[in-house]
Amino acid sequence: MTTTAVRPSRAVPRRDQDVMNQWVDLDLGHLDGPSGRAGAHYVGVLRRIAAARIRHHGLGALTDEVMLLVSELVTNAVLHSGTRKIGLEMAVKDGFLVIAVVDGMPGVAMLKETDEDAESGRGLALVQMVVEERGGAWGTRDAGATTWCRLAVPEEAEE
C-alpha cells in the first residue's frame, strides 16, 4: 500500500478569502503568575496560530511581519481594553492581507510620543512602520473596538 501526502497549494491567493477567525477567552486566572505573563501566553498562542494559517494559505513571505503585527495588536488589546475575549481575524481582500484584532471595547488606539528611555509605548509606531513598508495602512473601526492593519500581498509566495 502506498500513501501520498497532500500538501496545500503554495500559490499566492489571487482572490479574496478568509485566512483566520480565532477567538480566545482571556481566562487569566487559570495561569500562574502575574496577569502580564498570563496575557503574554495568549499573545504567543495567537501569534503561532496566525503564522501557521498564513503559511497554509501561501503567504509565507509575510510570516515575520504578521507575527510582529499580531504580537503588537493583541498585546495592546490584552493590556489596554480590559476585555475578557479577543478575536483575531485575517483575510485577503483586494490584494491586501487584512489583520484585525477585536476586543469589543470602545477607545481609539493612538500613536504615543516616547522618549528613548521609555520601556514601552512604541508598539503602534512599529505597526505603522511595518505596514507602510509593505504598502499598507492601519487604523481602528467600530469606535475603536477593532484595530486593523493591512499589508500588500506579494506577487509570489516564498517558502
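**Exercise 1. In what order do the five strands form the open sheet, and in which sense do they pair?**

First, the ground rules. This is a predicted model, where local features need pLDDT of at least 70, side-chain atom pairs count only at pLDDT 80 or more, and totals for chains, interfaces and linings use all residues. Residues are numbered from 1 along each chain as its sequence is written, and side-chain values use heavy atoms, with hydrogens and water left out.

Step 1. Read the order: β1-β2-β3-β5-β4, with antiparallel pairing. Strands are DSSP runs (E, at least two residues), and helices are runs of H or I with at least four residues, numbered from the N terminus. Two strands pair if DSSP finds at least two bridges between them.

Step 2. Find the edges. β1 (17-25) and β4 each have a single partner strand, so one side of each is left without a neighbour in the sheet.

Step 3. Add the turn. Neighbouring strands are turned by 15° against each other on average, direction ignored.

Step 4. Look at one pair. β4 and β5 are antiparallel over five bridges. T140 stands opposite T147 in β5.

**Exercise 2. Describe helix α2 and find which strands α2 lies across.**

Step 1. Take its span. α2 covers residues 63-80, 18 residues in all, and reaches 26 Å from first C-alpha to last. That is close to the expected 26 Å, where the expected span is 1.5 Å times one less than the number of residues.

Step 2. Place the helix. α2 lies across β2, β3 and β5, at about 20° to β3. Axes are lines fitted to C-alpha atoms, for helices over the stretch in contact, and angles run from 0 to 180 degrees between N-to-C directions.

Step 3. List buried residues. Among them are V66, L69, V70, L73 and V74. Buried means under 20% relative accessible area, exposed over 50%, partly exposed in between (1.4 Å probe, protein chains only).

Step 4. Zoom in on S71 in α2. S71 has a relative accessible area of 12%, so S71 is buried. S71 touches V43 and R47, leaving aside residues up to four places away in sequence. Contact means heavy atoms within 4.5 Å.

**Exercise 3. Locate the residues with positive phi, including D94 and D142.**

Step 1. Start just after α2: G82 has a phi of about 75°.

Step 2. Go to the loop between β2 (85-93) and β3 (96-102), where D94 lies. Its phi is near 50°, and D94 is not a glycine. D94 is exposed because its relative accessibility is 66%.

Step 3. Move to the loop between β4 (137-141) and β5 (146-152), which holds D142. D142 is not a glycine either, yet its phi is about 55°. With a relative accessible area of 52%, D142 is exposed.
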